Amino acid sequence: MELGYFIMPLHQPPYNQTQTLDDDLEQIILLDQLGYSEAWIGEHFTAEWENIPSPDLFIARALGVTNNIFLGTAVTNLINHNPFSIAHRIALLDHLAHGRLYWGIGSGGFPGDLEASGFDPKTGEHRKATKDSIDLILRLWKDPKPGLYKHKRWEFTVPEPNESIGLRFHLKPFQDPHPRIGVAGTSPNSATLSIAGERGWFPMSGSNVHKSILPSHWTSYEQGAEKGKKIADRSDWRITREIYVSETSAQARQEALDGILAHDFNHYWLKLLSKSNSLERLRNSPEMPLSEITAEYMVDNVWIVGSPKEVAEKIRQLYIDVGGFGVLVNVGHEWKPKDKWIRSMSLLKEEVGSMLADLI
């Protein structure tokens, strides 16, 4: 089992945009030095808390100051892009990365981003547009036939080649046939993860779900893989969790509740998940009142918080409960206080990791 990281990012406004980007980049650099296997960067246009609208640009910057860590978009919200443009941007990024790139794709779910591109989430049209977009991008990389490509949501022309002046659609990814594609899922029995399995993409389970939902994610992925005649490999499965480690369990719990984990939950996630009717996914039983989902509940039932020994035991139990997975992805926050978060990330990789070395 490998360790990864997911920078959405999370920054409470008001803030200095430049400083937040510098801080997020500093996190990636340290994770690379610690030996984390991968880091994912989110994309939003109208989410002030998650203030990176172009993860490919951020990744391009991070590639120059890291050596081994794989970087991924999490996700490229395809409904907000013209397929002709994003096909070029991701292909170029893959060359800059020399293949050290994963490509997470999705339709996005933040209300403002959907509205900005003219989508009403109630219609489900954004999901169909996402499918149409990825199918077209993969086709362009494989066989960019000249002609007009017209869709309700976009229109562009691939021109006829002119060899005398070197005119043609020519840019393909560094990796053959393209970067590995990841798809995130959060809902029980996720249809999105079923599609991922059918297409041979790898599954990523979101953090804002109770662990009891996670087995249904693998079932959906496995069923999709069977339908698409693909092999469902558990080492491809990414599970995302909020993780915080300190010297003692009591200290870790107190620091989580007094610190940035509870702060971000109370001021952002609780409000956002309530608005999108997604809070129920955090319940440990269908009968549990939503009013009981508090930071205290999260630290005891959803987040992975404790001493190195306790965190290792919780991760091992999660691994057993879901039947195994390949990468545990830690959700990123502002490192406040910085020394305690560096300690947490170091303990997770070094001490917790050594206790889980047998999980392959």
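Select Asp 236 to begin: this residue is buried, with a relative accessible area of 14% (buried means under 20% relative accessible area, exposed over 50%, and partly exposed in between, with a 1.4 Å probe and protein chains only). The model is predicted, so local features need pLDDT of at least 70 and side-chain atom pairs count only at pLDDT 80 or more, whereas totals for chains, interfaces and linings use all residues. Residues are numbered from 1 along each chain as its sequence is written, and side-chain values use heavy atoms, with hydrogens and water left out.

Next, add Arg 180, which is partly exposed at a relative accessible area of 34%. Its side chain meets that of Asp 236 in a salt bridge (3.2 Å, N to O); the term denotes a side-chain nitrogen of Lys or Arg within 4 Å of a carboxyl oxygen of Asp or Glu. Arg 180 lies in strand S7 (residues 180–185) and Asp 236 in the loop between helix H7 (214–227) and strand S9 (238–241), so the pair ties together parts that are 56 residues apart in sequence. Helices (H or I, at least four residues) and strands (E, at least two) are DSSP runs, numbered from the N terminus.

Proceed to strand S9. Arg 238 and Thr 240 point one way, Ile 239 and Arg 241 the other way, and all are buried. Two strands pair if DSSP finds at least two bridges between them. Strand S8 (residues 202–205) runs parallel to S9 and is joined to it by 2 bridges; Ser 205 stands opposite Ile 239. With strand S12 (residues 327–331), S9 pairs in the parallel sense over 4 bridges, and there the bridge partner of Thr 240 is Val 329.

Now select helix H8 (residues 249–258), where Arg 253 is found. Which residue forms a salt bridge with Arg 253? The partner is Asp 300, with the closest N and O atoms 2.7 Å apart. Asp 300 belongs to helix H10 (residues 295–301), and the two residues are 47 apart along the chain. Arg 253 is partly exposed at 31% relative accessible area, and Asp 300 is partly exposed at 47%.

Remain on H8 and select Glu 255, whose side chain meets that of Arg 343 in a salt bridge (2.7 Å, N to O). Arg 343 lies in helix H12 (residues 338–355), so this pair ties together parts 88 residues apart in sequence. Both residues are buried: Glu 255 has a relative accessible area of 15% and Arg 343 one of 18%. Finally, add Glu 247 and Lys 340, which are linked with Glu 255 and Arg 343 in a network of salt bridges. The structure holds 20 salt bridges.
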